[in-house]
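Here are my notes on the model you sent over, as numbered points. Have a look at the structure first, then read on.

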Amino acid sequence: MAEMQSDLPSGSMDESFSSGAGLAGRQSTLDEPIKDTILRDVRGIAAKLKYVVLPRARVEKGAGLREWDLWGPLILCLMLSIVLAAQTKKADQAGQVFALVFVVVWIGSAVVTANALLLKGKISFFQSVCVLGYCIFPLVIAAILSWVFNLYRIVKIIFVVIGFTWATGASVGFMSDLVPEDRKVLAVYPVWLFYVAIAWLILLT
């Protein structure tokens, strides 16, 4: 009996529990201060926005956006909705414009994602929504600049065209890389329509 006990793994239950707790503590962020959590999320959002603005998103086909979150797309959608609602001439239309932009962005991104999944795209639902949401950032900038420099119609068109080109360039490469070769056109076309719809809403306000 003594020999059998000597062959058993050594170590107490307390030691095993403490080591497991330490490992869980290193992997979990539940115990970190709220300030650190917010700052970490803000840095992550800023890094993704910088990635979309820089040409690296086109060259690397959106690889920097693979770690998804929905905070950035939500903030960008709210910014775009507020900016376009503020440009309405009638006060009673502001709420309608806000709701319309919000619905177009989220329903549109969901439809584009569903299309990619039906085409057997190798992407998760929230990952696709994250990419499409972050890539509206150039259009948000275009809407803000059009609001600030609201002098000539042609200036607004130039801003929107540049934002649309930048947004599609950052997202199309990522989406097309995740579907089979013979279905890339079917995956890219809805993405193009999605940003056309948003650009058209900016031009109409």
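Is Lys-48 buried or exposed? Lys-48 is buried, with a relative accessible area of 11%. I'll come back to its partner below, after the general layout.

1. **What we're looking at.** Keep in mind that this is a predicted model. The chain has 10 helices and zero strands, so the pattern read along the sequence is simply α-α-α-α-α-α-α-α-α-α. Of its 205 residues, 36% count as buried. Take the contacts between residues at least 6 apart in sequence: 74% of them join residues at least 24 apart.

2. **Lys-48 and its partner.** The side chain of Lys-48 meets that of Asp-69 in a salt bridge, at 3.3 Å from N to O. This pair ties together distant parts of the chain: Lys-48 belongs to helix α3 (residues 34-53), while Asp-69 sits in the loop between α4 (56-59) and α5, 21 residues apart. Asp-69 is buried as well, because its relative accessible area of 15% falls under the 20% cut-off.

3. **The other salt bridge.** Searching the whole structure turns up two salt bridges. Besides the one just described, Asp-41 and Arg-40 pair through their side chains, with an N to O distance of 3.9 Å. Here Asp-41 is partly exposed at 30% relative accessible area, and Arg-40 is partly exposed too, at 37%. As background, side chains of opposite charge can pair when their charged atoms come close.

4. **α9 against α10.** Helix α9 (residues 153-176) packs on helix α10 (residues 184-204) at an angle of about 155°, and their axes are 9 Å apart. The two are therefore roughly antiparallel to each other, and their crossing is right-handed. On the α9 side the contact includes Ile-157, Val-160, Phe-164 and Val-172, and on the α10 side the residues include Val-188, Trp-192, Tyr-195 and Leu-203. Sorted by class, the residues of this contact come out as 14 nonpolar, three polar and three charged. Arg-153 and Lys-156 of α9 and Lys-184 of α10 are among the residues making the contact.

5. **α6 against α10.** α10 also packs with α6, at an angle of about 175° and with the axes 9 Å apart. That makes α6 roughly antiparallel to α10. From α6, the residues in the contact include Leu-100, Val-104, Gly-108 and Val-112; from α10 they include Leu-186, Pro-190, Phe-194 and Ile-198. By class there are 13 nonpolar, three polar and no charged residues here. One residue to look at is Val-191 of α10, which is listed in the contact with α6 and also in the contact with α9.

6. **α5 against α7.** What is the angle where helix α5 (residues 71-86) and helix α7 (residues 125-134) cross? It is roughly 40°, with the axes coming within 8 Å. That makes α5 oblique to α7, and the crossing is left-handed. The residues that meet are Gly-72, Pro-73 and Leu-76 in α5 and Val-129, Cys-130, Gly-133 and Tyr-134 in α7. This contact has five nonpolar, two polar and no charged residues.

7. **Phe-102.** This residue is in helix α6 (residues 94-118). At 28% relative accessibility, Phe-102 counts as partly exposed. What does Phe-102 touch, not counting residues up to four places away in sequence? The answer is Leu-74, Cys-77, Leu-78 and Ser-81. For Ser-81, the C-alpha atoms of the pair are separated by 6.3 Å, although the two residues are 21 residues apart along the chain.

8. **Gln-87.** Please also click on Gln-87, in the loop between α5 and α6. Gln-87 counts as buried, at 17% relative accessibility. Which residues is it in contact with, leaving aside its neighbours within four places in sequence? Gln-87 is in contact with Ala-143, Trp-147, Lys-156 and Thr-205. Of these, Lys-156 has already come up as one of the α9 residues in the contact with α10.

Conventions:
Residues are numbered from 1 along each chain as its sequence is written. This is a predicted model: local features need pLDDT of at least 70, side-chain atom pairs count only at pLDDT 80 or more; totals for chains, interfaces and linings use all residues. Side-chain values use heavy atoms; hydrogens and water are left out. Axes are lines fitted to C-alpha atoms, for helices over the stretch in contact, and angles run from 0 to 180 degrees between N-to-C directions. Helices (H or I, at least four residues) and strands (E, at least two) are DSSP runs, numbered from the N terminus. Angles under 35 degrees count as roughly parallel, over 145 as roughly antiparallel, 65 to 115 as roughly perpendicular and the rest as oblique. A crossing is left-handed if the near helix is turned anticlockwise from the far one by less than a right angle, and right-handed if clockwise. Contact means heavy atoms within 4.5 Å. Ala, Val, Leu, Ile, Met, Phe, Trp, Tyr, Cys and Pro count as nonpolar, Asp, Glu, Lys and Arg as charged, and the others, Gly among them, as polar. A salt bridge is a side-chain nitrogen of Lys or Arg within 4 Å of a carboxyl oxygen of Asp or Glu. Buried means under 20% relative accessible area, exposed over 50%, partly exposed in between (1.4 Å probe, protein chains only).
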